[in-house]
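Good morning, colleagues. Please take a moment with the sequence and the structure before I begin.

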Amino acid sequence: MATELERVDIVTVGVGWTAGIIAAELTKAGYTVKGLERGEEKTLDDYFHQKDELRYALRYEMMQDLSKETVTFRNNADMTALPMRRHGSFLLGTDLGGSGVHWNGQTYRFLPYDFEIRSLTEERYGEDKIPDYMPLQDWGITYEELEPYYDQFEKTCGIAGEENPLGGFRSDEYPLPPMVETKMIRMFKEAATNLGYDPFQMPSANLTDSYENPDGQRINECQYCAFCERFGCDYGAKSDPIVTVIPTAKETGNFEIRQNSNVTRILTENGEATGVLFVDTKTGEEFIQPADVVAVTSYVLNNTRLLLTSEVGRPYDPETGEGVIGKNYCYQVMGSATGFFENEKFNTFMGAGALGAAFDNFNGDNFDHSDLDFLHGGEIAITQTGRRPINNNPTPEGTPRWGSEFKSESLKYFNRSLSLRLQGSSLPSRNNYLDLDPVYTDQYGDPLLRMTYNFTDQDRNMAEHCGAVLGDVLEEMGADQVDVSNELSDYDIVPYQTTHNTGGVIMGADPETSAVNSYNQMWDYDNLFVTGASAFAHNSGYNPTGTVGALAYRCAEGIQQFLDNGGGQLVEAKKNGRKINM
């Protein structure tokens with residue numbers, strides 16, 4: 001029988017960026033917060049001297065143990081889903097701070113178009129522009145409403161950057177100036193400008209100077225060591241939850257972290273969440289943590305799975321299009337091109353996770369889609385994240401994949417090649433969704449999450465059109481040979497692509513088509529908040545963490561309003577702009 005613990009004001013499921021923000025803001029306001037983290041508690045000391053590519057980048061030291069919990073995958077509903085037993089297409093974080101510790105630090109804002117995508121698409125192109133299979137919807141919030149929360153997150157992190165000429169309104173400048181402009185970045189900017197585009201320096205959570213954030217946390221200056229993605233920062237120079245919001249919450253004395261605590265159920269009674277049931281992963285003992293507010297703050301896939309196993313909310317049905325939990329699962333559409341230079345060398349072994357430049361001329365609705373067979377688009381960028389010795393072997397097309405010629409060409413082009421990328425949006429399909437697997441279970445006997453996903457015609461057309469620009473830019477940069485990869489086949493869960501999974505518990509104005517309102521408060525349970533990229537109604541052509549952080553600050557504000565004002569829904573439900581009586 002589970003042991004019931006002392007009641008707290010707020011309990012969070014997982015302790016990463018979103019839980020850290022909620023804990024920092026609510027504990028400063030005097031509320032008690034308990035964070036249940038199923039991994040180990042980590043500090044900066046745990047990441048000293050960890051520049052080991054084999055251990056962290058290739059053997060996934062900081063990632064979720066897939067032998068205990070994973071997902072099953074299939075491309076369509078006619079296939080049998082099988083478990084993912086090795087990390088591949090995306091990397092699931094673990095331990096305190098979650099994926100926020102091993103991220104690159106690229107911290108974008110989504111475009112105003114993203115938040116009103118259905119309304120603005122219909123307004124410019126007409127309703128017929130949106131395919132029948134695409135449940136495209138507005139988010140229930142505008143960019144202007146979310147802008148102050150973007151600003152708050154950027155100041156918490158000390159983001160370094162310069163204004164995007166084609167981005168949304170900014171109420172303030174970035175806290176720090178942009179990162180250095182290296183040779184390859186300068187060449188990219190010059191080429192993009194020559195072609196008529198509008199390049200800007202990538203917004204970076206790798207800091208360009210020592211910085212004290214508004215909560216008094218100090219973050220150090222980046223050393224450009226190139227160990228960001230898949231690594232914790234041993235310089236304390238990459239903003240993450242364990243150097244920003246978590247220490248802020250701890251300093252209040254109102255925040256308790258309980259590690260090795262795996263939440264298996266959200267508990268509900270009479271239409272409200274009463275707390276959570278969790279297992280101590282060291283002893284196997286079960287506990288009940290009662291709380292006035294439950295905040296589900298784990299990764300996209302884990303948020304969705306916990307709601308489904310707890311039977312909270314209406315599961316999505318792809319046959320009818322009804323239900324909301326598991327709906328609008330989206331990923332991202334990647335394209336790339338590599339240019340090989342005979343007479344140029346670049347210091348590609350140096351870098352930082354967000355050292356780079358980009359342009360947005362083919363992102364969002366920044367270009368005319370009237371005669372195109374797709375919507376949205378993607379960011380085109382060059383990054384100097386640092387090439388490490390084991391897993392970076394760029395060679396021109398036609399080179400054998402092994403043997404003496406491969407070795408010779410790898411050595412020749414290690415510092416003589418540059419890669420550009422398209423980071424494309426992912427718009428929803430009625431046939432892409434998350435549900436519970438009927439066969440496979442985790443270590444506790446609960447169903448695994450089943451992912452049904454494939455690229456659509458929209459994705460393929462967008463990648464082909466926007467990806468072609470990558471080759472044009474590399475040719476303008478002077479590359480002697482350019483290899484472009486912009487053709488999509490079926491989605492494959494094996495090769496790494498991006499950890500930018502989104503959707504499953506999406507936000508909106510209408511409870512019939514969304515799970516949470518614009519404060520990430522569930523329509524069905526007033527005291528249950530679910531935040532993170534699971535709330536995205538589609539995925540944009542950017543890295544998602546800036547938007548995750550902004551939504552978490554708005555969620556924290558909503559929780560405080562809920563507690564201060566005695567409960568209730570924070571937003572009136574609407575359908576087609578008209579109020580719904582609930």
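Let me start with Leu528. Leaving aside neighbours within four places in sequence, Leu528 is in contact with Ile266, Ala273, Val294, Val296, Leu307, Val312, Asn520, Gln521 and Met522; contact means heavy atoms within 4.5 Å.

A word on the basis of these statements. This is a predicted model, in which local features need pLDDT of at least 70 and side-chain atom pairs count only at pLDDT 80 or more, while totals for chains, interfaces and linings use all residues. Residues are numbered from 1 along each chain as its sequence is written, and side-chain values use heavy atoms, with hydrogens and water left out.

Leu528 belongs to the largest nonpolar core, which has 149 residues. A nonpolar core is a set of buried Ala, Val, Leu, Ile, Met, Phe, Trp, Tyr and Cys residues joined through side-chain atoms within 4.5 Å, where buried means under 20% relative accessible area with a 1.4 Å probe, protein chains only. Those with the most contacts inside this core are Leu528, Phe90, Leu301, Met477 and Ile559. Helix 11, residues 545–564, gives the core its largest share, ten residues. A second, separate core has seven residues, among them Ile117, Ile130, Met134 and Leu427.

I turn now to the sheets. Helices (H or I, at least four residues) and strands (E, at least two) are DSSP runs, numbered from the N terminus, and two strands pair if DSSP finds at least two bridges between them.

One open sheet has four strands in the order 5-4-19-18, with mixed pairing. Strand 5 (82–83) and strand 18 (433–441) each have a single partner strand, so one side of each is left without a neighbour in the sheet. Strand 18 runs antiparallel to strand 19 (residues 447–452), and five bridges join them. Leu434 has Met451 as its bridge partner in strand 19, and Asp435 has Arg450. Five residues lie between the two strands of this hairpin, where Gly445 takes a positive phi near 85°. Helix 8 (residues 300–309) lies across strand 4 (71–74), strand 18 and strand 19, at about 120° to strand 19; axes are lines fitted to C-alpha atoms, for helices over the stretch in contact, and angles run from 0 to 180 degrees between N-to-C directions.

The other open sheet I shall describe has six strands in the order 6-15-16-17-14-20, with antiparallel pairing. Its edge strands are strand 6 (200–201) and strand 20 (481–485). Within this sheet, Ile380 has Leu422 of strand 17 as its bridge partner.

Definitions and conventions
Buried < 20%, exposed > 50% of the residue type's maximum accessible area, 1.4 Å probe, protein only.
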